[in-house]
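Hello,

Here is the structure I promised to pass on. Please open it first, then read my notes below with the view beside you.

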Amino acid sequence: MVFPHPSIATFAGGRQRALRVLGGVGTWGIFALLLLPYVAIRGKGDELFSPIGFEGLERAAFFGVPTRFLQEHLYTRDMVWLDAFGLAMHLSWFFLPFVFSLVVAFTERKKMLEFYCWVLAASYLSTIFYLLMPVRPPWMEEGITRVLAERSFIEYTQADDNPFAAFPSLHAAIPMVIAMFFWLRSERGTALALPLAIHGLLISAAVVYLGEHWVLDVLAGWAMAGVVAWLFVSPGVRAALHRIPGDPLRRVQELDARIVALGNEVDQQTPGPADPERLPRAA
């Protein structure tokens, strides 16, 4: 019997990688669509209730206002490099879900949709507070600078149509959600949890210094990340979700399985040159 030419296996491997990338791009699209209602909801909080200020609470909790302290001791020294670093941390947050969804896609693709569900859960939980308790960010208080705008590093647009959607801080929550996902649910990416958590701490410190968030916003974001992790690892919560009419959790799991099977079909059907056990034997 004639053995398959190595180029066939090479083509199959390339096809498998292409399917994996297409699957990842497809789930990116699903993720973006599922975020659209969140974007619409978060913009309505200041229309329902009057925004409140946290400066008094911060002063009582920390015997001072951390944002004021940082700006008085750092921003006034005109350290442009520090502000640029703050900008880098601030902007890096926007890429985290997409970058690490790729990590999941290429290491444990069967958990890719679950990864997105963790991020979506944090986003939608935050909207409850954005609707019921809009909060004035620090830069709206007299004497506190919105550093990125003052430096002309960023030109703010109407895309962020609700500056009062601040408590809890998703800048603080999302990095910790991703870190806990890799710590609790990943088999291959556990080592990423600590660097991600450190990166999350740097982002949190940056948004406080830059005048974007209060420390209380950040602490609430960390607490919400813990709640999201508990929701996804708790057997009791999973059992309750399966009892929802229509069993949406099972449907998500089935969709996840179909995406995994998309790339695995090539592996099952085509022997590779480095896997002699799967080669057909001569008669």
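From the N terminus on, the elements run α-α-α-α-α-α-α-α-α-α-α-α. That makes 12 helices and zero strands. Please keep in mind that this is a predicted model. The protein has 283 residues, and 43% of them count as buried. Now take the contacts with a separation of 6 or more. Of these, 83% join residues 24 or more positions apart.

**Two helices that cross**

Find helix α8, residues 170-184, and helix α10, residues 215-233. Their axes come within 8 Å. They cross at roughly 35°. The crossing is right-handed.

Which residues of α8 and α10 meet? On the α8 side they are Leu170, Ala172, Ala173, Met176, Val177, Met180 and Leu184. On the α10 side they are Val218, Gly221, Trp222, Met224, Ala225, Gly226, Val228, Ala229 and Val233. By type, this contact has 14 nonpolar residues, two polar and no charged.

**A serine beside them**

Next, look at Ser204. This residue lies in helix α9, residues 193-209. Is Ser204 buried or exposed? Its relative accessible area is 3%, and buried means under 20%. Therefore Ser204 counts as buried.

What does Ser204 touch, leaving out residues up to four places away in sequence? The list is Ala172, Val218 and Trp222. Ala172 belongs to the α8 side of the crossing, while Val218 and Trp222 belong to the α10 side. With Trp222 there is also a polar contact, side chain to side chain, at 3.3 Å.

**Aromatic rings**

A search of the whole structure turns up 10 aromatic pairs. One of them is Trp118 with Phe181. Their ring centres are 5.4 Å apart. The planes stand at 85° to each other, so the pair is edge-to-face, for which the angle must be over 60 degrees. Trp118 sits in helix α6, residues 112-132, and Phe181 sits in helix α8. The two are 63 residues apart in sequence, so the pair ties together distant parts of the chain. Both Trp118 and Phe181 are buried.

Which residues form one aromatic cluster? They are Phe100, Phe115, Tyr116, Trp118, Phe181, Phe182 and Phe232. Trp118 and Phe181 are thus members of a wider group of rings.

To retrace all this, start at the crossing of α8 and α10. Then go to Ser204 in α9. Finish at the pair of Trp118 and Phe181.

Best wishes

Definitions and conventions: Residues numbered from 1 in each chain as written. Predicted model: local features only at pLDDT ≥ 70, side-chain atom pairs only at ≥ 80, totals over all residues. Heavy atoms only, no water. Axes fitted to C-alpha atoms, helices over the stretch in contact; angles between N-to-C directions. Helix = DSSP H or I, 4+ residues; strand = E, 2+ residues; numbered from the N terminus. Left-handed = near helix turned anticlockwise from the far one by under 90°. Contact = heavy atoms within 4.5 Å. Nonpolar A, V, L, I, M, F, W, Y, C, P; charged D, E, K, R; others polar. Buried < 20%, exposed > 50% of the residue type's maximum accessible area, 1.4 Å probe, protein only. Polar contact = N/O pair within 3.5 Å; in protein donor to acceptor, adjacent residues only side chain to side chain. Phe/Tyr/Trp six-rings, centres within 6.5 Å; stacked < 30°, edge-to-face > 60°.
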